[in-house]
Amino acid sequence: MENIIDIIQREAVYLWYYFDIQVRQILPYWALGIVIGSIVSVFGKDRIHRLLTAVQDRHLGIIGLIPASLLGIASPLCMYGTIPIAASFSQKGLRDDYLAAFMMSSVLLNPQLLIYSAALGPAALTVRFVSCFLCGVTAGLLIRIFFKNRPFFRFTKFEERAGRDTDPNMLLRLLKNIGRNIKATGPWFLVGVILSVLFQRYVPADSFAGLFSNEGFGLLMAATIGVPLYVCGGGTIPLLQQWLAGGMSMGAATSFMITGPSTKITNLGALKIVLGAKHFALYIAFVIVFSLAAGFMVNCIM
């Protein structure tokens, strides 16, 4: 009979093996995402915001929701950074439907997370990009239809903050931004890897696959677990990788990738301030319905 020391040693070897594999698979995407995100933040952020203003100036009508949503995905800011920018745009007269498309897609995706998601494979990367883009467009379209002559946002408590990328040396400015991104996402990346290692070692793949085998319940379960588990986008990539390998459908993963970032506690706190109670409830309902619909459509297609 094995003694406790032998069992611990054996488990340590297994866990280290899985940990090493996870890090080797995902670390390059995380590092590349950090660099790309910092480059966009330092050199492209102001241009992205100027382009959003240009969308308004061109009077594109409903078509303007498309570039507004794409610019939201391109924006490297977190929600607390996006809202003050959106507030300044609102004060300059930018329409609420364009702001909704920009902010919704910005909540769901950014250049860093897009690079991280490449670790999940081309199919998951494509699904994530398309679903987040369409979520932004749909949000803007609904605001355009139902709040055409009424304001949807209230930005009175937010002001645009001064940027932190102010070093006159552009190389140092970029390096400082990279350092801040590593500090902000590194611990959550490590947590995600550890959780995926524990999942891979101790959760039977058959049991997990059975949990998501029912199409309706599986989507609902994925949308639900996205609420408490989603803290940092990079930290969920290792988990999603193992879940997909363990039998999670792409539709269920889609629901998780939508509800997770859109119901992240820090995002909800900021959104509650600019939406108010009634509109905040509409936002939550929209996220749930869209995530389930998107997951269902993905399962029908794939």
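## An all-helical chain and its salt bridges

Read from one end of the sequence to the other, the protein chain follows the pattern α-α-α-α-α-α-α-α-α-α-α-α, which amounts to 12 helices and zero strands. The structure is a predicted model, and every value in this report should be read with that in mind.

Of the 302 residues in the protein chain, 49% are buried. Among the contacts with a separation of 6 or more, 84% join residues that are 24 or more positions apart. One pair that can be found in the structure is Leu-175 and Val-42, which are separated by 133 residues in sequence, although their C-alpha atoms are 9.9 Å apart in space. Leu-175 belongs to helix α7, residues 170-202, and with a relative accessible area of 46% this leucine is partly exposed.

### The surface

The protein chain exposes about 15000 Å², and 68% of this area is supplied by carbon and sulfur atoms. One nonpolar patch on the surface is formed by Leu-60, Ile-62, Ile-63, Ile-66, Leu-70, Leu-141, Leu-142, Ile-145 and Phe-146, which together have about 760 Å² of accessible area. Two elements, α2 (65-74) and α6 (122-146), each give two or more residues to this nonpolar patch, and α6 gives the most, with four residues. Phe-146, which lies in helix α6, has a relative accessible area of 52% and counts as exposed, because the cut-off for that class is over 50%.

### Two packed helices

Two packed helices are described by the angle between their axes and the distance between the axes. For α2 and helix α4 (residues 96-108), the angle is about 35° and the axes are 7 Å apart, and α2 passes α4 in a right-handed crossing. On the α2 side, the contact is made by Leu-65, Ala-68, Ser-69, Leu-71, Gly-72 and Ile-73, while α4 brings Asp-97, Tyr-98, Ala-101, Phe-102, Ser-105 and Ser-106 to the contact.

### Salt bridges

The structure holds four salt bridges, and the table lists some of them.

| Salt bridge | N to O distance |
|---|---|
| Asp-20 and Arg-24 | 2.8 Å |
| Arg-95 and Asp-97 | 2.9 Å |
| Arg-144 and Asp-97 | 2.9 Å |

The partners Asp-20 and Arg-24 both lie in helix α1 (residues 4-57), where they are four residues apart, about one turn of the helix. Asp-20 is partly exposed, with a relative accessible area of 27%, whereas Arg-24 is exposed, with a value of 62%.

Asp-97, a residue of α4 that takes part in the contact with α2, forms a salt bridge with Arg-95 and also one with Arg-144. The pair of Arg-144 and Asp-97 links distant parts of the chain, since Arg-144 is in helix α6 and Asp-97 is in helix α4, 47 residues apart. Through salt bridges that share partners, Arg-95, Asp-97 and Arg-144 are joined into one network.

Is Asp-97 buried or exposed? At 4% relative accessibility, Asp-97 counts as buried, because this value is under the 20% cut-off. Its two partners fall in another class: Arg-95 is partly exposed at 31% relative accessibility, and Arg-144 is partly exposed at 24%.

Methods. Residues are numbered from 1 along each chain as its sequence is written. This is a predicted model: local features need pLDDT of at least 70, side-chain atom pairs count only at pLDDT 80 or more; totals for chains, interfaces and linings use all residues. Side-chain values use heavy atoms; hydrogens and water are left out. Buried means under 20% relative accessible area, exposed over 50%, partly exposed in between (1.4 Å probe, protein chains only). Contact means heavy atoms within 4.5 Å. Accessible areas come from the Shrake-Rupley method with a 1.4 Å probe; for residues, only the protein chains shown count as cover. Patches are made of residues with over 30% relative accessible area and no salt bridge: like charges are joined within 9 Å, nonpolar side chains (Val, Leu, Ile, Met, Phe, Trp, Tyr) within 5 Å. A salt bridge is a side-chain nitrogen of Lys or Arg within 4 Å of a carboxyl oxygen of Asp or Glu. Axes are lines fitted to C-alpha atoms, for helices over the stretch in contact, and angles run from 0 to 180 degrees between N-to-C directions. A crossing is left-handed if the near helix is turned anticlockwise from the far one by less than a right angle, and right-handed if clockwise.
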